[in-house]
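Student: I have a protein model to look at and I'd like to learn how to read it. Could we go through it together?

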Amino acid sequence: KVSWDGFQARLESEQMDDFLENLEISSARAGDLFHLIDQDGDGLLTLEELVVGGIMLQGPAKAMDLAILCRAIEGSVESLGRQISALQGDVATLRGERPCCCPSTC
């Protein structure tokens with residue numbers, strides 16, 4: 001496993017330069033790359049995370065990848081909207097107010 005400090009220390013190496021060049025990523029974006037491919041968010045990259053992340057990021061985004069991302073974002077936004085509405089109802093109840101039946105008109 002390699003930490004961000006270890007990853008950063010290797011940025012000047014020829015191997016890392018080749019790796020970033022193959023991904024078409026500048027060394028200035030190395031921090032973004034590190035955090036993006038750190039799948040479990042533990043601040044350490046395993047060899048598997050590095051290889052899989054490198055493969056996934058190689059080349060331009062495909063329309064299918066973007067469509068999947070858009071669908072996931074839409075689902076998240078809808079879920080957040082429902083959670084906000086539920087919280088507004090809870091707050092209204094705690095205040096002793098009648099909950100709004102139509103949030104767009106309140």
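Tutor: Happy to! One definition to begin with: a residue is called buried when its relative accessible area is under 20%, exposed when it is over 50%, and partly exposed in between. Keep in mind that this is a predicted model.

Student: Is Asp38 buried or exposed?

Tutor: Let's place Asp38 before judging it: this residue sits in the loop between α3 and β2. Its relative accessibility is 8%. The cut-off for a buried residue is under 20%, so Asp38 counts as buried.

Student: How far apart are the C-alpha atoms of Asp38 and Trp4?

Tutor: Along the chain, Asp38 and Trp4 are 34 residues apart. In space, the separation of their C-alpha atoms is 10.0 Å.

Student: In what order do the elements of the protein chain run?

Tutor: The secondary structure comes to five helices and two strands. Reading from the N terminus on, the order of these elements is β-α-α-α-β-α-α.

Student: How are α3 and α4 oriented to each other?

Tutor: Two packed helices are described by the angle between their axes and the distance between the axes. Here, the axes of α3 (residues 30-37) and α4 (residues 47-57) come within 9 Å and cross at roughly 110°. That angle makes α3 and α4 roughly perpendicular.

Student: And which hand does the crossing of α3 and α4 have?

Tutor: This is the crossing with an angle of roughly 110°. The hand of the α3 and α4 crossing is right-handed.

Student: How many salt bridges does a search of the whole structure find?

Tutor: Side chains of opposite charge can pair when their charged atoms come close. One of the pairs here is Arg29 with Asp32, at 2.7 Å from N to O, and Asp32 counts as partly exposed because its relative accessibility is 43%. Asp42 also forms a salt bridge, with Lys1. For the whole structure, the search finds two.

Student: What does the salt bridge of Asp42 and Lys1 tie together?

Tutor: The closest N and O atoms of Asp42 and Lys1 are 3.6 Å apart. Asp42 lies in the loop between α3 and β2, and Lys1 in the segment before β1, so the pair ties together parts that are 41 residues apart in sequence.

Student: Which of these two residues counts as exposed, Asp42 or Lys1?

Tutor: Asp42 has a relative accessibility of 35%, so Asp42 counts as partly exposed. With 70%, the residue that counts as exposed is Lys1.

Student: Which residue has a positive phi although it is not a glycine?

Tutor: Look in the loop between α2 and α3. The residue there has a phi of about 60°. At 67% relative accessibility it counts as exposed, and its name is Glu24.

Student: What is the area of the nonpolar surface patch made by Leu66, Leu69, Ile73 and Val77?

Tutor: Take Val77 from this group: it lies in helix α5, which covers residues 63-95. Val77 counts as exposed because its relative accessibility is 53%. Together with Leu66, Leu69 and Ile73, Val77 makes a nonpolar patch of about 370 Å².

How values were computed
Residues numbered from 1 in each chain as written. Predicted model: local features only at pLDDT ≥ 70, side-chain atom pairs only at ≥ 80, totals over all residues. Heavy atoms only, no water. Patch = residues over 30% accessible without salt bridge, like charges linked within 9 Å, V, L, I, M, F, W, Y side chains within 5 Å. Areas by Shrake-Rupley, 256 points an atom, 1.4 Å probe, with all protein chains shown as cover. Salt bridge = Lys/Arg side-chain N within 4 Å of Asp/Glu carboxyl O. Helix = DSSP H or I, 4+ residues; strand = E, 2+ residues; numbered from the N terminus. Buried < 20%, exposed > 50% of the residue type's maximum accessible area, 1.4 Å probe, protein only. Axes fitted to C-alpha atoms, helices over the stretch in contact; angles between N-to-C directions. Parallel < 35°, antiparallel > 145°, perpendicular 65-115°, else oblique. Left-handed = near helix turned anticlockwise from the far one by under 90°.
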